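Trainee: Hi, have you got a few minutes to go through a structure with me? I'd like to begin with the charged pairs.
Mentor: Happy to, let's bring it up.

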Amino acid sequence: MSFASLHLDTPLTQTAPDYSASGKPLWLKLDSLQPSGSFKLRGVGRLCQHEVQNGAREIFCASGGNAGVAAAYAGRALGVPVTIVVPETTAPDVRKTIAATGANVLVHGSVFDEANAHAIGLAESRKATYVHPFDHPLLWDGHATLIDEVVATGAKFDCVITSVGGGGLLAGIVEGLRRNGLADVPVIAVETEGAASFHASLKANERVSLPAITSIATSLGARQVAQHVFDLPKHHPIESVLVSDADAVAACRKFADAQRILVEPACGAALAVADVHADLLSRFDNPLIEVCGGVGVSLEKLDAWKEKFL
């Protein structure tokens with residue numbers, strides 16, 4: 001049994017130099033336009049396909065939202081039932097989106113880690129397949145396709161800016177750079193204050209588990225990054241930076257006005273770098289931003305966040 005890829009080859013566009021304080025033209029890889037609403041379909045779709053090809057009849061996954069929608073989409077396309085366990089912090093409208101995509105949704109625990117442990121236990125008890133949302137080599141292999149696609153266009157870029165949650169996307173980008181002979185291209189890894197487990201781990205020189213997630217960018221809310229992700233800076237040039245929730249929201253609104261596309265604050269974090277850390281981009285000519293997307297956004301939410309932060 002073999003399947004075509006579930007994800008799309010998404011558009012690549014470039015801003016004018018005056019779009020941001022960096023004064024640089026920014027390449028934008030628009031994974032917000034994936035059928036599941038985020039980049040997650042690349043890796044989650046790849047892993048789900050692999051499991052179904054190897055006999056999976058039922059899939060369990062834990063998610064704060066986007067991986068859940070991706071797994072639900074993949075399960076529907078592949079014809080297998082999917083159950084997504086979400087923590088209590090996952091907004092009701094995101095839960096509805098996951099369910100509407102075709103999955104059974106269970107709420108368990110106050111944080112992702114508790115939801116994840118429950119999903120693993122349920123999968124074991126039902127002899128079903130468990131799919132991790134960010135910590136698996138096949139996920140990273142799937143996410144790496146975004147770099148394959150950019151390289152295939154012939155676009156020249158000299159750094160990649162990406163948001164980091166559990167780190168699956170970061171791992172995929174590094175894999176994509178390596179397999180395209182771009183191992184010297186640095187990655188700027190962005191987190192919001194209050195969801196910065198990668199930044200805290202690098203600072204402590206050991207994997208840190210945050211006591212809580214206090215950022216509105218709940219899609220970045222993994223209290224601890226994968227071990228593989230923590231080890232990446234030893235092998236690849238990676239710079240870890242932080243932005244505030246207010247920075248991320250401002251970037252979402254600015255992006256919506258310019259591109260007519262809504263993205264989550266988790267994605268806005270990466271978009272904010274060209275304004276908030278413009279000095280960091282001064283040594284680059286053509287930065288590439290992974291516009292990772294996210295389903296946890298609406299006009300109503302953008303307005304509410306504006307009232308709160310801006």
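Mentor: Let's start with Lys254, which forms a salt bridge with Asp275, their closest N and O atoms being 2.7 Å apart. The two sit in distant parts of the chain, with Lys254 in helix H10 (residues 245-259) and Asp275 in helix H11, 21 residues apart. Keep in mind that this is a predicted model.

Trainee: Is Lys254 buried, exposed or partly exposed?
Mentor: Lys254 counts as partly exposed, because its relative accessibility is 27%, between the 20% and 50% cut-offs. Asp275 is partly exposed too, with a relative accessible area of 32%.

Trainee: How many salt bridges does a search of the whole structure find?
Mentor: The search finds 14. One of them joins the side chains of Asp31 and Arg42, at 2.9 Å from N to O. Asp31 is in the loop between strand S2 (27-30) and helix H1 (40-53), while Arg42 is in helix H1, 11 residues apart, so to speak of them as linking distant parts of the chain is fair.

Trainee: Buried or exposed, those two?
Mentor: Both Asp31 and Arg42 are buried. For Asp31 the relative accessibility is 0%, so Asp31 falls under the 20% cut-off.

Trainee: What is Asp31 in contact with, leaving aside its neighbours within four places in sequence?
Mentor: The list includes Thr10, Phe39, Arg42, Leu146, Glu290 and Cys292. With Arg42, the side chains also make a polar contact at 2.9 Å.

Trainee: And which residues join Asp31 and Arg42 in a network of salt bridges that share partners?
Mentor: Asp9, Lys29 and Glu149 are in that network with them. Glu149 is also one of the buried residues of helix H6 (residues 145-153), along with Thr145, Leu146, Ile147 and Val150.

Trainee: What follows H6?
Mentor: Gly154 does, and its phi is positive, near 85°.

Trainee: Which residue other than glycine has a positive phi near 60°?
Mentor: Asn205 is one, with phi near 60°. Asn205 lies in the loop between helix H8 (197-204) and helix H9 (227-231), and is exposed, with a relative accessible area of 63%. Arg260 also has a positive phi, about 60°, although it is not a glycine. You'll find Arg260 in the loop between H10 and H11, exposed at a relative accessible area of 68%.

Trainee: Why flag them?
Mentor: Most residues other than glycine have a negative phi.

Trainee: Back to salt bridges for a second. What does Arg283 pair with?
Mentor: The side chain of Arg283 meets that of Glu239 in a salt bridge, 2.2 Å from N to O. Arg283 lies in the loop between helix H11 (265-276) and strand S10 (287-291) and Glu239 in strand S9 (residues 238-243), so the bridge ties together parts that are 44 residues apart in sequence. Arg283 is partly exposed at 49%, and Glu239 counts as partly exposed at 24%.

Trainee: Changing topic to helix packing: at what angle do H2 and H3 pack?
Mentor: Helix H2 (residues 66-78) and helix H3 (residues 92-101) pack at about 10°, with their axes 8 Å apart. That angle is under 35 degrees, so H2 is roughly parallel to H3.

Trainee: Which residues make the contact?
Mentor: From H2 they are Gly68, Val69, Ala72, Tyr73 and Arg76, and from H3 they are Thr97, Ile98, Ala100 and Thr101. The residues of this contact divide into 5 nonpolar, 3 polar and 1 charged.

Methods. Residues numbered from 1 in each chain as written. Predicted model: local features only at pLDDT ≥ 70, side-chain atom pairs only at ≥ 80, totals over all residues. Heavy atoms only, no water. Salt bridge = Lys/Arg side-chain N within 4 Å of Asp/Glu carboxyl O. Helix = DSSP H or I, 4+ residues; strand = E, 2+ residues; numbered from the N terminus. Buried < 20%, exposed > 50% of the residue type's maximum accessible area, 1.4 Å probe, protein only. Axes fitted to C-alpha atoms, helices over the stretch in contact; angles between N-to-C directions. Parallel < 35°, antiparallel > 145°, perpendicular 65-115°, else oblique. Contact = heavy atoms within 4.5 Å. Nonpolar A, V, L, I, M, F, W, Y, C, P; charged D, E, K, R; others polar. Polar contact = N/O pair within 3.5 Å; in protein donor to acceptor, adjacent residues only side chain to side chain.
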